[in-house]
Amino acid sequence: MSYTVCGQVPHVTADLCDVSVTGDVCIVPLHSVFNVVGVLKKLRKPLAQFFNTTNKIILNPYNSFEACDLTSFNDQIGMSIWGKGGRKRITPKDYHDIVKTCDPELFVSLSDVVPSTVNKKRANKSCYRTLQWVTEAITFLSEADHVTSRLLAPIPGSGVRQLTMKSASLLASRNVFGYVIERATLPLENWEELVRDVVSILPPTRPVFMLGVLNDLEMVKAYNCGCHFVDSSFVLHYANSGRAMSVSPTNSSNLSDSSNSSNPATSVMNNDNQIQTEQQARPSSSDNGSNGILTSAAAGTSFSDFGPSLAENVPSNPNPPENDGKRKKGKEAGKAYIFKLEHYIPNPSLSLDLISSEYTRQFVPIVDGCGCFTCARHTRGYLSHLLVTHELLAPTLLMLHNLTHVRTVVNETRKCVVENGLGQYERKLREVFGSKTKLDDRQ
């Protein structure tokens, strides 16, 4: 899945990057389309038609790319988003009106996203609010006419195992299409076992999405934990920082026993005719990955592969916690970002910092043998020149290369799912990433 702004991959135009690189599912954060909702109402056009795209659109109220700590801004009334006009509070009714106007393929319910560093009382409030908003979204879909959008329920818990598992068990019986796990709500390290246990108690006929992973290693971890769809928003962090992914682990002999001779930019993640969906059991708590995945986007799964939701009686919400009261002054001074750039780039040796002067006179492709648009036509020295002179073409070329790199990882992941070797692939990818990243300091 591709992270987009107004339905378009940042820095890349549709004539330069086709669906074979970006995929046919795109995440659209709410803040990027909030100001065009009025236009859509007047034109009476859905969001996909307004964007002139055939891609499946997932409307997400939380911006996984920025990964902001919104602890001080959300309350019982609604959640906050940031647009061009600053902070705006979105109530469930406002959001449901936007969904009715935009008519996306899928939409994520409002969620009180808080990081794992908050105290247990705040985490309890987050769970209650999120479950309450999911219930209101289910009611909206049952009462609304001519609404074809399907609901994805976010799983709260702030990384607290007891709260996360309880929330997942409550949501497992609700009438939703699938589930969303936000990376920002998980611990910075050692989150795999928690995600694997959460996925194991969810209905196997419903897809699980993981949004906001930090790098390609975490993307493979998410697939190995049983998630079906994972986004690629981290690619934008590499491009914005002037970095190109230089090591292609899937083409390396120390990662795969068999060669990958196909062009990494020629396959589509969600092509139903390419590979039959593997109907296997979800992986157990062990990390060997030998049990495989039930249905994985890496194995060519599309939304149509999942059956209708198992509608059951919606359980009542837990007792609400005490009212938050009024926010103190000064808490709305600005957003606090959960992750730093070094969290997205844990090992700088696996990428090229093309802003550095050492690449000025290197007239070779970024990666030899890479079939992307950038490596086929331009050199490291030219990209270094574009970055130093702040040309707008620089992030465009980097996005094309980095997206192709991620597509290569997805292709290899698909292959490993079919061959039941995803756990071994993940361990070898860990070795390539090398030294352990220091993740205990936040901004």
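## Helices, loops and a surface patch

His-146 sits in the loop between H6 and strand S8 (150-154); helices (H or I, at least four residues) and strands (E, at least two) are DSSP runs, numbered from the N terminus. This is a predicted model, where local features need pLDDT of at least 70, side-chain atom pairs count only at pLDDT 80 or more, and totals for chains, interfaces and linings use all residues. Residues are numbered from 1 along each chain as its sequence is written, and side-chain values use heavy atoms, with hydrogens and water left out.

Most residues other than glycine have a negative phi. Here are some with a positive one:

| Residue | Phi | Place |
|---|---|---|
| His-146 | about 60° | loop between H6 and S8 |
| Asn-52 | near 60° | loop between H4 (47-51) and S3 (56-60) |
| Asp-103 | about 50° | just after H5 |

His-146 is exposed at 81% relative accessible area, and Asn-52 is exposed too, at 71%. Buried means under 20% relative accessible area, exposed over 50%, and partly exposed in between (1.4 Å probe, protein chains only).

Back in H5 (residues 92-102), the buried residues include Tyr-95, His-96, Ile-98, Val-99 and Cys-102.

As for packing, H6 (residues 120-143) and H7 (residues 161-171) meet at an angle of about 10°, their axes 11 Å apart. That makes the pair roughly parallel (angles under 35 degrees). Axes are lines fitted to C-alpha atoms, for helices over the stretch in contact, with angles from 0 to 180 degrees between N-to-C directions. Among the residues in contact (heavy atoms within 4.5 Å) are Leu-131 and Val-134 of H6, and Leu-170 and Leu-171 of H7.

Notes:
Angles under 35 degrees count as roughly parallel, over 145 as roughly antiparallel, 65 to 115 as roughly perpendicular and the rest as oblique.
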